[in-house]
Every structure is written in structure tokens, then in C-alpha cells.
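Let's take a relaxed walk through a protein structure, stopping at a few spots along the way. Have a look at the sequence and the model below before reading on.

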Amino acid sequence: MNNSIVSYFQEIYSSKTFIPLHEPMFMGNEKKYLNDCVDSTYVSSVGKYVDVFEEKLTSYTGAKYAIATSNGTSALHVALKLLGVNENSEVITQALSFVATVNAISYCNAKPVFIDVSKKTMGLSPKKLLKFLEKQTFLNDRGECINKKTKKVITACVPMHTFGHPCEIDLIVDICKKYNIVVVEDAAESLGSFYKNKHTGTFGKIGVFSFNGNKIITTGGGGMIVTDDENIAKRAKHLTTTAKIPHKWEYIHDELGFNYRMPNINAALGVAQLENLKRYLYKKRELTYKYSQFFKNESISLMQEPKGAKSNYWLQAIILKDKKQRNEFLEITNKNGVMTRPIWKLMNELEMFKDSQSSDLVNSKYLEQRVVNITSSVRK
Ligand SMILES: Cc1ncc(COP(=O)(O)O)c(C=O)c1O
């Protein structure tokens, strides 16, 4: 590992000072729409940009309904709640994910069950999922999927499209259908990613996006629930808006709701960002091509979109030879002002989830030791 790597990043980003991992890019109507919000005084929970943002997201993804939320985590929380996930439930997810996926499961007082990822996609492995369900579960008289070990019902499954690379979501949905498990896609990282020509987040019963500052488009902070189910969409809007019955002056709330709605000012930013999503996607691919040429010479493999998928290439990821090489890479880049970071720790190893059940995690462990995210910002 030598300094040529650092020089390469400095050359690509024309910078000798600190290079962050992922910066947002504002190149369109952001200021115009934000000014419009301020001028109109509609900066908070009501306003036209929320409706426009939701409409534009449905037409882009092909989902029938979209409900904007305060962030991706709140979207995941409500999605699981809407599907009846509670203290008697277990929810399957991948061990290699960002903590928010599992936090949302815990907010519902449910237990996560961790399944391995596939090396090809870094997302939930359909093979390992099927193996777990065949060996560890049975369907009871009511058709519920019961975990033999804990006797609890496995209600939902939350696969994630890691760094924007689609997992084999069609196979996962098919397997879950056989076991009466509902799929919520954590598509927080994959706006602009398609699998077999269908947008990620639209395969499961519910899909969830994030527009955090580091995502491919940002609303500052924000999220979105998408679904084709009208009833779920109505319930999602209701629960995220404090479960208030619409009325001109009365405050009537008919259940325990949440203040999870997206403010208009955030949606205004989102509408402007969405207008340039195609351009960002193009630029991300350009960057992928450059990196693939460079890292080929360094004998380091760059994560490429899986077969059948069109990835948004949100965060670029490289796979190093072993943990020693990974650590050297992290050391040399970060010491020289080029921000890089390792993939997440496995969720089953975090203190709060460590007594959860897991499948074998061979691939997750392999990737955890080797994967590093490299600078992924795109410029005008
Ligand atoms: C996989 C995944 N799930 C959920 C989230 C939560 O989104 P947010 O930060 O908007 O709450 C994020 C991103 O932050 C994420 O990467």
C-alpha cells in the first residue's frame, strides 16, 4: 500500500485538502424552492412541496403511493408497525447492515434474526434465508411462520440494498411468500437502483428510502414510505401525522401516532434534487468507470453492480485482500486527508443485539474484514 492511492484521490477531486466520503451536490432549483418556502411562510409540516415530492417519487419508482417522513429510520419504524410487528414478533434481516435497520425492529419491541448476506450483492442471501426457514421454522395451523427455537412468529423480513446494489429481491420475496412473511425493503441507499428493470423498494409490501445528507439525493434529513397498498398508504399517512383525524379546528387523535412527517422546507430541497437524479446517476457511473480502471492496476476489486441489476453506485466499495491490507488502506488514506471507512460491524456483535439468533455468517464476516467505502462524491 503506498501514497499513489492518496495522490489518485487528490487528482480525481483536484484537492490537496480534506476530501470527504460523500458530499451532497446542489446544482439546480434548490435555492429557488427554498426561498419560495420561506417567502410563503410554509416551512413546516404543511405545504405543496411535500405533495409534489411524494407524487414525483411515485412516478419515478413506479410505486402507487408515497408518504414522506422525517427520516428513513422513522419510515422503517412505521412500516414495521403497520405490518403488526410487536413484542411477540421476530423480524429477519441481514447481519451486515447499517444499525438503523435493526433499531427500527427494536423500536417495535420485536427481536431481530440475523441471516448471512451474499458475497455478490452484499445484501440478504436468498440461499441462506431458505436454509434457515427450512431448518428452523414451521407453519402453524394459522399459517404463521414459527421459529422452532423461540416459538415466536416471524412476521417480517427486511432485506437491504447495500450501498445501492440491489439484492436478489425477487427470490427473497418468493421465499417469504411461501412462509407468510411480509417483506419490507430497506431501500434507504438505493434510490435510482433497479433490479430486472423494476425499481428497488417496489418488490416488497412496503419500501423505505432515506434522504439523509449523505444519500444520492438529500432533503437535509428525510425518508419515504412507498407501497402499492392503498390501505397501508392511508394508515402510513395517519400514523406519521400524530394519528390526527382531519378537522378544521378539533384535535382528535384516534390512536398512538408519531410526529414523523417531512417538513415542507425539506421536501422543497428534495423536489429540486430529484430533478437532477438522472445526472447524478450518470456521474456516479462515470466515477465507477474511473475507479475500476485504477483499482484493476492495484489488484483491488471494486464492487460492481450484480447481474440483472442497475445500481445507483451511491457509495463506492472496494474489497481488499485481507484485514491487514484493509487497515493499511484506511490508515494511509485517512492520515492524508482522504476520508474512507470500513463497512459496518456485524449487527449481531453490537451490545444491544448480541443475544439475537443468527444463521451462519460466513460471507458477512468475510466482507466485514475487507470492505472499505471510498470517496464517492460527484461534481458538476
Ligand atoms: C441501510 C439504511 N437503513 C436505514 C437508514 C436510515 O435512514 P435515516 O438516516 O434517514 O434515518 C440508512 C441511512 O442512514 C441506511 O443506510
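Helices and strands here are DSSP runs, at least four residues for a helix and at least two for a strand, and they are numbered from the N terminus. Keep in mind, too, that this is a predicted model.

With that in hand, let's start at Asp 254. You'll find Asp 254 in the loop that runs between helix 8 (230-240) and helix 9 (264-275). Is Asp 254 buried or exposed, or something in between? Its relative accessibility is 47%, and partly exposed covers the range between 20% and 50%, so Asp 254 counts as partly exposed. Leaving out residues up to four places away in sequence, Asp 254 touches His 238, Ala 243 and Ile 245. With His 238 there is also a polar contact, side chain to side chain, of 2.6 Å. Leu 239 sits 15 residues away along the chain from Asp 254, and the C-alpha atoms of these two are 9.8 Å apart.

Next stop: the ligand. How many residues surround it? There are 14, and the closest are Gly 72, Thr 73, Glu 189, Ser 210 and Lys 215. Zoom in and you can pick out some short distances. An oxygen atom of the ligand is 2.8 Å from a polar backbone atom of Gly 72. For Glu 189, an N or O atom in the side chain is 2.6 Å from a ligand oxygen, and for Ser 210 the matching side-chain distance is 2.7 Å. On its own the ligand has 380 Å² of accessible area, and the protein covers 92% of that. The space the ligand takes up is the second largest pocket. Helix 4 (72-82) and helix 5 (99-107) are the elements that give two or more residues to the shell around the ligand.

Now over to Asp 170, which belongs to helix 7 (residues 169-178). Asp 170 has 19% relative accessibility, and buried means under 20%, so Asp 170 counts as buried. Beyond residues up to four places away in sequence, Asp 170 touches Tyr 195, Lys 196 and Phe 203. Its side chain makes a polar contact of 2.7 Å with the side chain of Lys 196.

Last, find Ser 125, in the loop between strand 3 (111-115) and helix 6 (126-136). Ser 125 is buried as well, with a relative accessible area of 6%. Again setting aside residues up to four places away, Ser 125 touches Ile 115, Asp 116, Val 117 and Ser 118. Cys 167 is 42 residues from Ser 125 along the chain, yet their C-alpha atoms are separated by 7.8 Å.

Key. Residues are numbered from 1 along each chain as its sequence is written. This is a predicted model: local features need pLDDT of at least 70, side-chain atom pairs count only at pLDDT 80 or more; totals for chains, interfaces and linings use all residues. Side-chain values use heavy atoms; hydrogens and water are left out. Buried means under 20% relative accessible area, exposed over 50%, partly exposed in between (1.4 Å probe, protein chains only). A polar contact is a pair of N or O atoms within 3.5 Å; within protein, one must be able to donate a hydrogen and the other to accept it, and residues adjacent in sequence count only if both atoms are side-chain atoms. Contact means heavy atoms within 4.5 Å. A residue is near a molecule or strand if one of its heavy atoms lies within 4 Å of it. Accessible areas come from the Shrake-Rupley method with a 1.4 Å probe; for residues, only the protein chains shown count as cover. On a 1 Å grid over the protein atoms alone, a cavity is a set of points where a 1.4 Å probe fits but cannot get out, and a pocket is an open set with protein on both sides within 12 Å along at least five of seven lines; lining residues have an atom within 4 Å of a point. A molecule sits in a cavity or pocket if more than half of its atoms lie within 2 Å of its grid points.
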